[in-house]
Amino acid sequence: MNTKKISLLIMTAIMAFTSCEKATETAKRPNILFIMSDDHAYQAISAYGGKLNHTPHIDRLADEGMIFTNACVTNSICAPSRATILTGKHSHINGKIDNLMPFDTTQITFPQIFQQNGYQTAMFGKLHFGNNPKGVDEFMILPDQGYYLNPDFHTPRGDTTIVGYVTDIITDLTLNWLKNKRDESKPFMMMYLHKAPHRPWWPSPEKFEEYTKKQFPEPKSLFDTYQNRGTAAKTAEMNLLTHMMYSHDSKIRPELLEKMGSKVTPVVEEFQNGFYGPFNRATEEQKKLYNVVLDSINEVFEKEWPTMNDEDKMRWKYQRYMQDYLACISSVDDNVGRVLDYLDKSGLAENTIVVYTSDQGFYLGEHGWFDKRFMYDESFKTPLIVRWPDKVKAGTTENEMVQNLDFAQTFLEAAEIKAPQDMQGESLMPLLMAEKEKWNREAVYYHYYEYPSVHMVKRHYGIATKEYKLAHFYYDVDEWELYDRLNDPCEMNNIYHDEKYADVVNELKEQLDQLKLKYKDSPELAEQFIQQHQNIKVDKGNEFW
């Protein structure tokens, strides 16, 4: 054999070896399955010690991975939270400060970076802003809030409607992609995004029947009078008795409300078509299943409501709320189980990072409230569970202060992809890899903007450490609140004016100024956003439709 042929064979062998080596290295990079629900309170996950419900499949992730007890958000409202997760930047940087202001589409999202670095990417479920997500090879996303029953979807090939229950459908789409559309030569980054349990809570027919028969324990602060709190807590419009809607939320038929007239007190403003908007999406067969339970709820309401006092009414609304909200979560948990079972069966579980989280927390009757927005723990904190076999020690609990701001950089580092320098979070890899000595964050920054608007939670920003939380409410008030997170976990007593905490206040204010500087927030920006908000017509129904 001549020298040229030998050289050619050697070069071919080297190239084949190099190609094989690169393919092996690519295969070693972990898959990422990012599961996010909407408004799933950590109190409604049994792994967090909650007594309201049992979530065996989500708990399984905690048993097999790491559960974070101090995970929180930068801005507790749906679209801004998602924008922060996608960009790794605070709301004032990515432009999505509230559900009304536009997202800065020039921002780079982490799916784009994964796509550029050899990952196959997909997104199914609720994005909540934009109809064409960047950096996603395949998607089917709900328009805006989406519907529970027979939902519509945006796809790269046009819009479509799928008959069924949204939580089941999103899971079907996810599993179909994993089974039939996944490129096995590439690692994948999948975003599996549930609509549930967002308001208005419409469970599947079988869960609706099951959960209306249940009774749930009340939170200690259900009848909170907001003593020792500021103006913001006293004027927010999210009280179960006076703001939770009869038709839209509690499933009382509009005709019955009209029939009962003045017997229905207190008077609560309803969204137009709040009941029949979602219900009329059901097929006739679906309606028959729902009507059995709806008839029962409405019969009890007509008979008992006029004889109830306000305390009874509050308790009744709380139970109706929990029945529907937790029924929606039960479907989420069942479907998470379906996906985890497939990962096991297919062998994908071994090299897949599975993350379960929510876009923020939610009030489940604490302080008499539903919804979110405040920096108080129930809305500020969010569930976060990470499973990574052979990497993250099973059954571990982490109490460091982490945020949704950190997700993008964490995923990128796990995939050995360099994160852009302008991302503002911190990779959670030191915590996941039991290298806590490399973690040095002591405090996190929060800023909420959507006011005046639905629920009327005042604008505020603040700082939280493991021990304390300091918040400044501004715009039409100028009030500070300080809470001792260890000794007052329900945040019932504002100690800002207590002289014993003067040094704590001064220290936290100094740290707060440093965080604002670090994250490039300022009073000038806050004023700019106020002026922009004043030019936008606020549609209170937009939050739900």
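Visitor: Which residue just after α15 takes a positive phi?
Guide: E416 does, with a phi of about 60°. Helices and strands here are DSSP runs, numbered from the N terminus: H or I over at least four residues for a helix, E over at least two for a strand.

Visitor: What kind of model is this?
Guide: It is a predicted model, in which local features need pLDDT of at least 70 and side-chain atom pairs count only at pLDDT 80 or more, while totals for chains, interfaces and linings use all residues. Residues are numbered from 1 along each chain as its sequence is written, and side-chain values use heavy atoms, with hydrogens and water left out.

Visitor: Back to α15, then. How many of its residues are buried?
Guide: Seven of the eight residues of α15, which spans residues 407-414, are buried. Buried means under 20% relative accessible area, exposed means over 50%, and partly exposed is in between, with a 1.4 Å probe and protein chains only.

Visitor: Which ones are buried?
Guide: In α15 they are F407, A408, Q409, T410, F411, L412 and A414.

Visitor: What is M429 in contact with?
Guide: Leaving aside neighbours within four places in sequence, M429 is in contact with W388, T410, E413 and A414. Contact means heavy atoms within 4.5 Å. M429 lies in helix α16, residues 429-432, and is buried, with a relative accessible area of 9%.

Visitor: And how far is M429 from A327?
Guide: Their C-alpha atoms are separated by 34 Å, and the two residues are 102 apart along the chain.

Visitor: Let's change topic to the strands. Why is β1 described as largely enclosed?
Guide: Because seven of the seven residues of β1, residues 31-37, are buried. Both faces are covered. On one side N31, L33, I35 and S37 are buried, and on the other I32, F34 and M36 are.

Visitor: Why list two sides?
Guide: Because in a regular strand the side chains alternate between the two faces of the sheet.

Visitor: Which strands does β1 join?
Guide: One is β9, residues 352-358, which pairs with β1 in the parallel sense over seven bridges. Another is β8, residues 188-193, which runs parallel to β1 and is joined to it by five bridges. Two strands pair if DSSP finds at least two bridges between them.

Visitor: Any partners by name?
Guide: In β9, V355 is the bridge partner of F34, and Y356 stands opposite I35. In β8, L193 is the bridge partner of M36.

Visitor: How many residues of β9 are buried?
Guide: Seven of seven. T352, V354, Y356 and S358 are buried on one side, and I353, V355 and T357 on the other. β9 also pairs with β10 in the antiparallel sense, over four bridges. There T357 stands opposite L384.

Visitor: Is R387 in β10 buried or exposed?
Guide: R387 is in β10, residues 384-387, and counts as buried at 3% relative accessibility. Its side chain is joined to that of E64 by a polar contact of 2.6 Å. A polar contact is a pair of N or O atoms within 3.5 Å; within protein, one must be able to donate a hydrogen and the other to accept it, and residues adjacent in sequence count only if both atoms are side-chain atoms. Not counting residues up to four places away in sequence, R387 touches several others, including R60, L61, L340 and L343.

Visitor: At what angle do α2 and α13 pack?
Guide: At about 50°, with the axes of α2 (residues 56-64) and α13 (residues 310-346) 7 Å apart. Axes are lines fitted to C-alpha atoms, for helices over the stretch in contact, and angles run from 0 to 180 degrees between N-to-C directions. The two helices are therefore oblique to each other. Under 35 degrees counts as roughly parallel, over 145 as roughly antiparallel, 65 to 115 as roughly perpendicular and the rest as oblique.

Visitor: Which residues of α2 and α13 meet?
Guide: P56, H57, I58, R60 and L61 of α2 meet D333, D334, V336, G337, L340, D341 and D344 of α13.

Visitor: Last one. Where does D371 lie?
Guide: In the loop between β9 and α14 (377-380). D371 is buried, with a relative accessible area of 2%. Its side chain makes polar contacts with the side chains of R373, at 2.6 Å, and H455, at 3.4 Å.
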